[in-house]
Number of protein chains: 2
Amino acid sequence: MSDHETAITAAVLVIGDEILSGRTKDKNIGYIADYLTAMGIDLKEVRVVPDEEVEIVAAINALRSRYTYLFTTGGIGPTHDDITADCVAKAFGVDISHDERAVAMLRSRYENPADLNEARLRMARIPHGADLIENPISKAPGFRLGNVFVMAGVPSIMQAMLDNIGPLLKTGRTMLSTSIDAQGTPEGAYATGLGAIQKANPGVIIGSYPSFDGKSFTNQIVVRSRDEALLQTARSAVEALVAELVAARPTKVP
Amino acid sequence: MSDHETAITAAVLVIGDEILSGRTKDKNIGYIADYLTAMGIDLKEVRVVPDEEVEIVAAINALRSRYTYLFTTGGIGPTHDDITADCVAKAFGVDISHDERAVAMLRSRYENPADLNEARLRMARIPHGADLIENPISKAPGFRLGNVFVMAGVPSIMQAMLDNIGPLLKTGRTMLSTSIDAQGTPEGAYATGLGAIQKANPGVIIGSYPSFDGKSFTNQIVVRSRDEALLQTARSAVEALVAELVAARPTKVP
């Protein structure tokens with residue numbers, strides 16, 4: 001099977017003014033990225049959009065048509081700014097109404113039936129044709145419609161929902177990854193050699209990632225591939241390059 | 001001046017496989033969001049795309065045509081996976097070559113001229129017509145072409161570049177923001193009242209943000225507006241709503 005045939009792709013759509021204003025720092029993108037990568041699903045795009053119907057609907061349609069899966073976070077609570085479910089219905093051109101299964105889930109949360117008021121019942125409004133995704137924390141469910149998975153924005157709830165979604169997903173061949181420390185060699189010293197290794201090893205993806213601690217750079221070279229043998233061949237070449245550059249360093253006079 | 005006339009908008013484009021694979025957790029989106037919000041610039045969209053030319057070029061063109069400013073992060077180092085400058089040139093349909101000003105900046109970093117090798121000189125490849133953005137940390141500059149600002153992905157360098165970009169930006173009327181603690185009142189209890197306040201106060205944007213500590217929810221209601229008087233009117237209404245709901249709580253028998 002070629003990589004092209006087996007690639008399972010995904011996008012994430014983060015919905016919320018609070019991320020764009022800086023008030024809330026997103027913690028879901030990185031979590032979902034790790035989760036999908038571990039399952040062999042390639043996260044190919046992320047978008048963050050405000051709580052505006054036109055923007056949300058357009059992003060849902062752009063992303064769901066392009067990738068195997070779309071995961072949304074945010075906008076499924078009881079307040080007026082929670083409009084994700086309506087936007088998904090609009091994007092799919094389906095109706096939306098109170099879902100009896102969702103109402104039952106919410107009922108299980110409130111001892112006093114009067115507490116399940118109109119606002120809370122908003123959280124049971126589900127586009128027609130969707131399957132529910134259980135929420136063990138606050139009961140208000142997420143849902144799946146077609147290839148779109150709608151989750152809460154609160155990280156712990158999103159994570160619990162993702163655990164319920166995981167078993168429903170097609171998994172791909174896991175993308176293997178190996179990291180080589182550049183041992184103090186600067187990017188500019190190994191860039192040409194690394195580019196040549198990338199060219200000679202088209203079955204792997206090689207990235208170079210500098211980090212800066214305020215004083216000096218530390219560089220990691222990451223090799224990724226779905227093929228273990230190709231990965232190891234490229235890793236050996238990178239290790240040899242780094243070793244060669246380390247050996248060639250001018251020895252400092254003590 | 002209406003809000004519509006004065007709105008200065010922006011998008012952020014994060015470029016890098018490492019964010020999508022989960023290897024690196026983005027720290028730039030939230031920082032830029034805070035920075036722009038403080039300047040009265042509305043961040044309206046964020047995208048994260050992989051190190052693939054077609055994707056980067058398409059995202060640059062989609063975002064630069066739609067918002068006042070586009071800020072990119074990542075992909076301007078010396079290695080083969082650093083293709084942002086070429087993609088910007090392609091998106092604008094301009095040539096790209098070694099920029100003498102950029103070469104001079106890089107020269108200042110290397111005592112030994114031989115260290116400014118071909119790979120490092122890649123970092124001086126700048127699309128024609130661009131202005132450079134100084135990088136006080138590692139010298140390799142960012143640049144501005146039209147309304148697109150190209151920055152490094154390493155957070156400390158990105159932040160230093162943003163400080164150099166700030167004075168070049170048109171600033172808008174600052175979006176004022178005020179936060180009201182819901183004092184333990186659940187979202188579902190105040191959602192209807194809050195929706196009515198939003199409806200009665202079209203000059204403000206009201207959001208409700210729950211957080212969950214593993215045991216219970218804490219809710220913050222955030223009111224935003226560019227008009228101080230409208231902000232205070234809405235804030236008072238929200239405070240009154242919360243006070244009313246707190247007073248109506250059943251008193252627990254000791």
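Two strands count as paired if DSSP finds at least two bridges between them, and strands (E, at least two residues) and helices (H or I, at least four) are DSSP runs numbered from the N terminus. With that in hand, welcome to the tour. You are looking at a predicted model, in which local features need pLDDT of at least 70, side-chain atom pairs count only at pLDDT 80 or more, and totals for chains, interfaces and linings use all residues. Residues are numbered from 1 along each chain as its sequence is written, chains are lettered from A and ligands numbered from 1 in the order in which they are written, and side-chain values use heavy atoms, with hydrogens and water left out.

**Stop 1: where the chains join**

Select residues 41-49 in both chains. These are strand E2 of chain A and strand E2 of chain B, which run antiparallel and are joined by three bridges. Zoom in on A:Val46, whose bridge partner in E2(B) is B:Val48.

Now show the whole sheet around this pair. It is an open sheet of 12 strands with mixed pairing, in the order E6(A)-E7(A)-E8(A)-E3(A)-E1(A)-E2(A)-E2(B)-E1(B)-E3(B)-E8(B)-E7(B)-E6(B). Strand E6 (131-133) of chain A and strand E6 (131-133) of chain B stand at the edges; each has a single partner strand, so one side of each is left without a neighbour in the sheet. From one strand to the next, the twist averages 20 degrees, with axes fitted as lines to C-alpha atoms (for helices over the stretch in contact) and angles running from 0 to 180 degrees between N-to-C directions.

Next, add residues 28-38 of chain B. This is helix H3, which lies across strand E1 (8-15), E2, E3 and E8 of chain B and runs at about 165 degrees to E2(B).

**Stop 2: the interface as a whole**

Colour the two chains separately. In chain A, 58 residues are in contact with 58 residues of chain B, contact meaning heavy atoms within 4.5 Å. The area buried between the chains is about 4,600 Å², with carbon and sulfur atoms giving 56%; buried area is the accessible area (1.4 Å probe) that two parts lose on being put together, summed over both. Pick out A:Leu20, A:His80 and A:Tyr209: they supply 13% of the area that chain A buries against chain B, more than any other three residues.

**Stop 3: a threonine in strand E3**

Select B:Thr73, which sits in strand E3 (residues 69-73) of chain B. Is B:Thr73 buried or exposed? It is buried, because its relative accessible area is 2% (buried is under 20%, exposed over 50%, partly exposed in between; 1.4 Å probe, protein chains only). Leaving aside residues up to four places away in sequence, B:Thr73 touches several others, including B:Leu13, B:Ile32 and B:Met158.

For a contrast, go to B:Gly146, in the loop between strand E7 (142-145) and strand E8 (148-151) of chain B. At 44% relative accessibility, B:Gly146 is partly exposed.

**Stop 4: the three-stranded sheet of chain B**

Show residues 176-247 of chain B. Here three strands form an open antiparallel sheet in the order E9-E11-E10. Strands E9 (176-181) and E10 (205-212) stand at the edges. E9(B) pairs with strand E11 (residues 217-225) over six bridges, and B:Asp181 stands opposite B:Gln220 in E11(B). Helix H9 (residues 187-200) packs on the sheet, touching E10 and E11 of chain B. Helix H10 (residues 228-247) lies across E9 and E11 of chain B, at about 10 degrees to E9(B).
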